[in-house]
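Trainee: Could we go through this model together, one question at a time?
Mentor: Gladly; let us have it on screen first.

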Number of protein chains: 2
Amino acid sequence: MDEFDFIKKIKQKYYYQSNLEKGIGDDAAVFNHSNGSLVTAVDMFVEDVHFSQQTMSPWDIGYKSLAANLSDMAAMGAIPKYYLVAISIPKLLPKTKAKEIFYGMKSLANKYKIDLIGGDTVSGEQLTISITIIGQINKHVRYRHLAKENDIVFVTGTLGDSVAGLYILKNSHTEYIEQAYFIKRHQQPMPRVNFANALSEIPRIALNDISDGIANEATEIAEASNVSLHLKAKNIPIRKSLLQFKDEQRFKWTYFGGEDFELLGTVSRDNWQKIQKIAGRTNTQITEVGTVSNKNPGKVFLYNEEKLPILLEKDGYTHLQ
Amino acid sequence: MDEFDFIKKIKQKYYYQSNLEKGIGDDAAVFNHSNGSLVTAVDMFVEDVHFSQQTMSPWDIGYKSLAANLSDMAAMGAIPKYYLVAISIPKLLPKTKAKEIFYGMKSLANKYKIDLIGGDTVSGEQLTISITIIGQINKHVRYRHLAKENDIVFVTGTLGDSVAGLYILKNSHTEYIEQAYFIKRHQQPMPRVNFANALSEIPRIALNDISDGIANEATEIAEASNVSLHLKAKNIPIRKSLLQFKDEQRFKWTYFGGEDFELLGTVSRDNWQKIQKIAGRTNTQITEVGTVSNKNPGKVFLYNEEKLPILLEKDGYTHLQ
């Protein structure tokens, strides 16, 4: 594949950002940024490790790769502005499919008015996509080290849907309730960019996006903030129809299932009502799921009907005794 | 490989940039940038496509990947500041080798005082490295569309060395004159960052880095600037010991050989003396190799002893008649 031709084909005809001085077409992109902080992150997605063409179309693969990056921007309280894509395309992948990957990205990019300003298309053996995103802080940075004692812990949307969708895709001989919903949550997750940005009037929020399961993200907040998080199992939001699956699956998907791209946050009790109002305004489901304490820093406890909580760890749990 | 652990190991203990608010350790890096334009580019390198472990050590692979990005910054007239690395590592690659890749990058990063502020380490089948670089314009942007009629065309260093080095590495049964020199030029090229930045007092320069051979880069300048470039074959700078190779090889390597990471530029005659002085000050070999004309826009002509010039194209040439 002629990489230069390919880049030209997917190049935008116009750019959204007025601060962009030069997009694709020179050795690098140039943009002016006169005030405020910038935010940047990179993510890499490898075929048969992070996604499969058995369960995702090329369009979905592009869409979801960018969605994961936008979710990082949401988790920082940033407005996404620019992205750069490096992609290694197997020679045997038809050109139309390669283009579909970019169209999937573009569709999401247009929704959030962000610009593709750099790219590198190479050929390799394994489809590999690396996206760098650049955004601008919307007033306050939402670091995960900002949780404080007595904060309320909250979660957007419902958890476990994405892995449920993947399960349904892999077990297509069976019919499932609301299977289109779960599949869409897996293939085309919606990052919480608008909600995160609507929170800008609130001075302090600790925020993480749920890309690796709430157990992992909650532990990251607990560790970074030197606090413990105490979650109530019965409050953890799940889609009602998730109840069609076995308890064991549901538990695994809800706490350790990745790629829901919801937000997990902590905020002072004083601002909880404000956040609920913003959630209403932005059409965002939001649920209070727990509290923050200074005791047992770095730990996350999950309370259910049993007397003693479970200690949730990044990729597992321990029954306390 | 536990990707989180790995990132922690290579995380810098301190950062060079005082404007950096948060490096590695949250969903994204945050930096403040109060004035001037920012520049960013991405490059991807795939094993057995862009490099081979037969001819490059893991350390060299890391070093050279970052060098290619720094060369893009030089070509834009930018001071490199930050970089982000996404890397797909085969499970069978020993951990020590994976770390060596980062040490190679770090060595060059330390030389130019740039900070690693983001990363994603995943496992895949084919070693794949994607680097995003962010820099700051040093007064003037050096777009390739800035060439003007009567400009002098210049080149830094010598051309064809990198491919000669690769040839030597692949034909190690033979002894070559200055073979260590050529091999080093292939494995550890030195991007012309310092020279490019020392040019900041000169208001207009068109600049490209020679990553794909001078024929390609000159054509890019000619096309972007809507001018023609006229190069004198006898002035194109080569290492004397390149003469040990056959005419045909030498011609191919000099005009179409990639990865020398020298700079090709055009500048008004009035500023030529100034540039020569700056080259002297920064210990940079610089050679006048041709001129710019408004006739035949988009074309590059190479003059040798024959009456009619050769039309140099991006990946070949045509004899004019």
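**Helices, copies and domains**

Mentor: The crossing of helix 2 of chain B and helix 3 of chain B is right-handed. Keep in mind as we go that this is a predicted model.

Trainee: Are helix 2 of chain B and helix 3 of chain B parallel, perpendicular or oblique to each other?
Mentor: Helix 2 (residues 58-76) and helix 3 (residues 95-111) of chain B have axes 6 Å apart and pack at an angle of about 40°. Angles under 35 degrees would count as roughly parallel, and 65 to 115 as roughly perpendicular. The angle of about 40° therefore makes helix 2 of chain B and helix 3 of chain B oblique.

Trainee: Which class of residue, nonpolar, polar or charged, has 13 members in that helix contact?
Mentor: Helix 2 of chain B contributes residues including B:W59, B:I61 and B:L66, and helix 3 of chain B contributes, among them, B:I101, B:F102 and B:L108. Four residues of the contact are polar and three are charged. The class with 13 residues is nonpolar.

Trainee: What relation links chain B to chain A?
Mentor: Two copies of a chain are related by a rotation about an axis and a shift along it. Here chain B is laid on chain A by a turn of 180° and a shift of 0.0 Å along the axis, with an RMSD of 0.0 Å. That is the relation of a two-fold axis.

Trainee: Which residue of chain B comes closest to the rotation axis?
Mentor: Going by C-alpha positions, the distance to look for is 2.7 Å. The residue of chain B with that closest approach is B:S34.

Trainee: Which element of chain B gives the most to the side that touches chain A?
Mentor: The contact joins 49 residues of chain B to 49 residues of chain A. Because 100% of the interface residues of chain B are also interface residues in chain A, the copies meet through the same surface. On the side of chain B that touches chain A, 23 residues are nonpolar, 16 polar and ten charged. The top contributor there, with nine residues, is strand 3 of chain B.

Trainee: Within chain A, which element gives the most to the side of domain 1 that touches domain 2?
Mentor: Chain A is assigned domain 1 (3-137) and domain 2 (144-319), with C-alpha centres 27 Å apart. Their contact takes 17 residues from domain 1 of chain A and 18 residues from domain 2 of chain A. Helix 2 (58-76) and strand 4 (78-90) of chain A each supply at least two residues of the domain 1 side. The most, eleven residues, comes from helix 2 of chain A.

Note on methods. Residues numbered from 1 in each chain as written. Chains lettered and ligands numbered in written order. Predicted model: local features only at pLDDT ≥ 70, side-chain atom pairs only at ≥ 80, totals over all residues. Least-squares fit on C-alpha atoms with pLDDT ≥ 70 in both. Contact = placed C-beta atoms within 7 Å. Axes fitted to C-alpha atoms, helices over the stretch in contact; angles between N-to-C directions. Helix = DSSP H or I, 4+ residues; strand = E, 2+ residues; numbered from the N terminus. Parallel < 35°, antiparallel > 145°, perpendicular 65-115°, else oblique. Left-handed = near helix turned anticlockwise from the far one by under 90°. Nonpolar A, V, L, I, M, F, W, Y, C, P; charged D, E, K, R; others polar. Domains from an automatic or database assignment.
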